[in-house]
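Please look over the structure shown below with two topics in mind: an enclosed strand with its neighbours, and a charged patch on the surface.

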Amino acid sequence: MLEKITNTFSDIFRTISGKSTISEKNIEEAVDKIKMALLEADVNVRVVRRFVNSTIEEAKGEKVLRSVDPGQQFIKIVHDKLVSLLGDSKTDLKLKGPDTQSVILFLGLQGSGKTTSAVKLAARLKKEGRKPVLAACDLVRPAAIDQLCINAAKAEVPVYKEDIPLPGTAKDAVRIAKNARDYARKNGYDTLIVDTAGRLQIDDGMMKEIADIKSALNPDEVILVADSMTGQNAVDIAKTFDEALHLTGVILTKFDSDARGGAAISLKSITGKPILFIGTGEKIEDFEPFHPDRIASRILGMGDIVSLVEKAQETIDMEEAAKLQKKMASNEFTLEDMLEQLQRVKKMGSMNSLLEMMPGLAGQINPDEIDMSGMKVQEAIILSMTKKERANHLIIGPSRRKRIAKGSGTSVAEVNRLIKQFEKTRLAMKKVSRNKGMQARMMQQFGGF
């Protein structure tokens, strides 16, 4: 995610941070490199010009040139300007209270991830305590309704659909949308998310169909789903849709695969519409609110500890964590517990996304060079054990180790290595759990969380 532009910014900041004094020439050289980085990231030319001019104006002020740490002051200015381009602050959905129905209209081109994003948002709203239902109004793309229903079933969110010969007409889509609204009201669903038909490209027929649905439903949110990897093209599409349908916000998909970041940086400045969410993977839970300050920090290689902690909190049950701490203190940590921890780490996301949230590591470590196979091997070995063996590793003698190696497709040496590592980990955990001073130092290293 954003690797290319992050690497460039990291190099620029390393150079300027190493200077004890900073001059107008230093600033001009750094800003010139920033300008090239933004243009290479496919950021709109007008946005780049505005960013560069305002950065130079502020960076050449007495405050920076005479600062105790001019390098850090310059970096802060660049960070603040980038946050401003991205939208200043997080924008929340403007939905009514749970006792009143809210309607969210989804639109976008084919292949943008519109249907998947509709399900992801429904799953998120359900997790937040709302009661969503999806409306299948894409009557053009073959299998669109099936895709919506299959993904919605995984998220345990209901879908309103009607069996009609496909492709359906614009009138059919409007009628189904109205019926879905009535169905939602009668059955107590407080949020209706309408998945509309996309096209391979923008055309008048598509715009009119969506405009008619919008007129019939009077939605609270009109959200465009755009592919962030298309860069400036995504911004142009958003501008066209906004002029015709008056968007309230945008969801950028495939953000985890976007190495440049041009769409995210340009979109708010060009359209005036906020980025509401970003899609960061294929799983239903790979869907995050868009925080301009956090994304700016990631782009500049400064990490994103807040999001990292939030991801950890989503995968860790506090009650289970308390039980685990007691086990660690009493030396009762088992291989079953180790297996659970391995699986929780996997749920936190890809190694790439985790690395870029860690200050100083974004752009410095290639996630492809990190050997994740070891974790997979450990998981396979533990899964090949019986429940009794996971509960008490001391009973795993030579014959059992041979059986476990065969069952997991590994070697006896690898099984021995895992058990030895487990015993060392168990001992280290016991020491940490009983040493309050060591715990406090570890917490400080992780930013006080």
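**Strand β5 and its surroundings**

Strand β5 (residues 221-227) is largely enclosed by the rest of the structure, because seven of its seven residues are buried, where buried means under 20% relative accessible area with a 1.4 Å probe and protein chains only. This is a predicted model, in which local features need pLDDT of at least 70 and side-chain atom pairs count only at pLDDT 80 or more, while totals for chains, interfaces and linings use all residues. Residues are numbered from 1 along each chain as its sequence is written, and side-chain values use heavy atoms, with hydrogens and water left out.

*Strand faces and pairing*

- From β5, E221, I223, V225 and D227 point one way and V222, L224 and A226 the other way, and all are buried.
- Strand β1 (residues 102-107) runs parallel to β5 and is joined to it by four bridges, with L105 standing opposite V222 in β5; strands are DSSP runs of E with at least two residues, and two of them pair if DSSP finds at least two bridges between them.
- Strand β6 (residues 249-253) pairs with β5 in the parallel sense over five bridges, and V225 stands opposite I251 in β6.

*Positive surface patch*

- R46, R49, R50 and K239 gather in a patch of positive charge on the surface, a patch being made of residues with over 30% relative accessible area and no salt bridge (a side-chain nitrogen of Lys or Arg within 4 Å of a carboxyl oxygen of Asp or Glu), with like charges joined within 9 Å.
- Helix α3 (residues 45-59) gives the most to this positive patch, with three residues; helices are DSSP runs of H or I with at least four residues.
- R49 lies in helix α3 and counts as partly exposed because its relative accessibility is 49%, partly exposed being between the buried limit of under 20% and the exposed limit of over 50%.

Conventions. Patches are made of residues with over 30% relative accessible area and no salt bridge: like charges are joined within 9 Å, nonpolar side chains (Val, Leu, Ile, Met, Phe, Trp, Tyr) within 5 Å. Accessible areas come from the Shrake-Rupley method with a 1.4 Å probe; for residues, only the protein chains shown count as cover. Lys and Arg count as positive and Asp and Glu as negative; His and the chain ends are not counted. The place of a charge is taken as NZ of Lys, CZ of Arg, CG of Asp or CD of Glu.
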